[in-house]
Amino acid sequence: MKTNSCVVLILFVLALRVTAQNFDTNGEFVQTFAGSGEQGYVDGQGQLTKFYNPSQIVADSSSNLYIWDSGNSRIRKITPGGSVSTLAGGGTDVEGWGTNVSLSFFNSIGAMAIDHANTIWLVTSGPYLLNIQTNSYVTIQNGGPGLTNLTINSGICFDSANNLYYSGGNIIWRYNPTTGISQPFAGNGTPGYVDGNGTVFPEFSSPGALACDEANNIYVNDVNNYRIRRVDQGQNITTIAGAGVYEFIPIGTNSYQFDYDSVGTNANFSSPPISQMFSDNSGNIYFTCGGCIRKMNAQTNVVTMAGNFSQTGYTNGAGNLARFSGASGACLSGGTIYIADSNNQRIRDIVFNPQSQVISSANLGLSTFPGLSITGNVGRTYQIQSSRNMSTWTTEATIILTASPYLWIDQNPIAGNKFYRALLMP
């Protein structure tokens, strides 16, 4: 018994030393979630895996991530615990079950989205619109003339009624997957720049990426107009951000910054191009821009939340100290932003949600000791709680994960049942 007490004491002292560090690692901090950085194809756990230019990413309602791994022509799946597997691609069939299908048959994949039934949608060359059901069955939803002006450069998103919106032919279209009917929603098809209502007078110029917010407003990256336009459900088109000019700013000898942050139409969206957009439930819109991740709030204030316009590379760290190379896809899941960092062959993440997150049972382990082990993100803050009745919870410790899995021992074991859980802190 004396030996066991000594072990408990030593481990608890280590935990105290960890919690004594007085810095916050859970701000806008970029870290690596999966991928070793080496180009290749290896499933497995977290950073022991390999990707080949991952370029698009979406999340389902259970916080699983799905990545278009372009160099491997596969859809990869990552669980909340960081386990990487292959969902689809690598086979020879045009349609069929998951890994029996050849996604390389379509040559290239453009936009990627997921609907409210957790069906994954892909815009491919052809053009075709593929979907992958939750049971991994791959079908060609429609193609060619069935979706007017759909191209490999089309952006896609879904509203709350599961209508699909896509950009093409200088028009924003609304497509009903149930009826197969596609109708113009905004823009008259003439390249230009005119705000207004409906499909008669308003004009876009090569609209690309799309996003939909909680109120079913559609946000459009109007590429050649260097602007962000918003289309409400009354089909009113409004310019909300972007100066409308291609402009670069000298920031040193032979060094330039091609975009800058500001409010509304004082912000610049000239370069690098936006490859994927998404929204959160607070009215914020996020943009992936190669070397950085930008955010526009409901008041149209545009800021760079992570990375840098003019510098690329691979660096984890807070906000503008982080570096990306080819950040081309991003999504929000469980209070965390996940980024497909294509040229770095990694999936990166940024903490966003100010709410604590209960860690799933798959990432917790109980043993014969009083306590638990956590499989999670090294460098992140976790709160450990205990309960006698699974109703009232008491905070036992707040720790920073120095390893994964991380073993925590309770210094106050009691007779009878005592339950434990962990929360990932913001």
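**Salt bridges**

I started with the salt bridges and got a count of nine. Worth keeping in mind throughout: this is a predicted model.

I pulled up E38 and K50 first. Their closest N and O atoms sit 3.0 Å apart, and the pair forms a salt bridge. E38 belongs to the loop between β1 and β2, while K50 is in the loop between β2 and β3, so this bridge ties together parts that are twelve residues apart in sequence. How covered are the two ends? E38 comes out as partly exposed at 46% relative accessibility. K50 is also partly exposed, with 24%.

Next I looked at R76 and D69. Their side chains meet in a salt bridge at 2.6 Å, N to O. Buried or exposed, this pair? R76 has 0% relative accessibility, so I log R76 as buried. D69 is at 0% too and counts as buried. I then followed the shared partners: salt bridges join D43, D69 and R76 into one network.

One more from the list: D410 and K418 form a salt bridge through their side chains, 2.8 Å from N to O. Both D410 and K418 are buried.

**The sheet with β4 and β5**

I went from the R76 pair to the strands. There is an open sheet of five strands here, ordered β2-β6-β5-β4-β3, and the pairing is antiparallel. Which strands stand at the edges? They are β2 (44–45) and β3 (54–59); each has a single partner strand, so one side of each is left without a neighbour in the sheet.

Inside this sheet I checked β4 (residues 65–69) against β5 (residues 74–78). Five bridges hold the two in antiparallel pairing. For a register marker I noted L65, which stands opposite I78 in β5. The strand ranges put D69 in β4 and R76 in β5, and those are the residues of the 2.6 Å salt bridge above.

**The sheet with β30**

Another open sheet of five strands runs β27-β1-β30-β29-β28, again with antiparallel pairing. Its edge strands are β27 (317–318) and β28 (327–333), and each of them pairs on one side only.

I walked along it pair by pair. Strand β1 (residues 29–34) pairs with β27 over two bridges, in the antiparallel sense. Here F29 is opposite A318 in β27. On to β1 and β30: these run antiparallel and are joined by four bridges, with A34 facing I347 in β30. Then β29 (residues 336–341) and β30 pair antiparallel over six bridges, and Y338 stands opposite D349.

The β29–β30 hairpin has four residues between the strands, and Q345 there takes a positive phi near 55 degrees. I flagged that torsion for my own notes.

How many residues of β30 are buried? Six of the six in β30 (residues 346–351) are, so I call the strand mostly covered, going by the under 20% cut-off. I sorted the side chains by direction: R346, R348 and I350 point one way, I347, D349 and V351 the other way, and all are buried. That list includes charged residue types such as R346, R348 and D349.

**T288**

I then jumped to T288, in strand β24 (residues 285–288). At a relative accessible area of 1%, T288 is buried. What does T288 touch, leaving aside neighbours within four places in sequence? The contacts are P273, I274, S275, Q276, I293, A327, S328, G329 and A330.

Two of these partners also turn up in the polar distances. The side chains of T288 and S275 make a polar contact of 2.9 Å. A polar atom of the T288 side chain also lies 3.1 Å from the backbone nitrogen of Q276.

From the list I also picked out A330, which is 42 residues from T288 in sequence but 6.6 Å away in space, C-alpha to C-alpha. A330 falls within the range of β28 (327–333), an edge strand of the β30 sheet.

**N308**

Last entry: N308, in the loop between β26 (302–307) and β27. N308 has a relative accessible area of 18%, so it counts as buried under the 20% cut-off. A polar atom of the N308 side chain is 3.0 Å from the backbone nitrogen of Q311. Not counting residues up to four places away in sequence, N308 touches G291, C292, A322 and R323.

Key: Residues are numbered from 1 along each chain as its sequence is written. This is a predicted model: local features need pLDDT of at least 70, side-chain atom pairs count only at pLDDT 80 or more; totals for chains, interfaces and linings use all residues. Side-chain values use heavy atoms; hydrogens and water are left out. Two strands pair if DSSP finds at least two bridges between them. A salt bridge is a side-chain nitrogen of Lys or Arg within 4 Å of a carboxyl oxygen of Asp or Glu. Buried means under 20% relative accessible area, exposed over 50%, partly exposed in between (1.4 Å probe, protein chains only). A polar contact is a pair of N or O atoms within 3.5 Å; within protein, one must be able to donate a hydrogen and the other to accept it, and residues adjacent in sequence count only if both atoms are side-chain atoms. Contact means heavy atoms within 4.5 Å.
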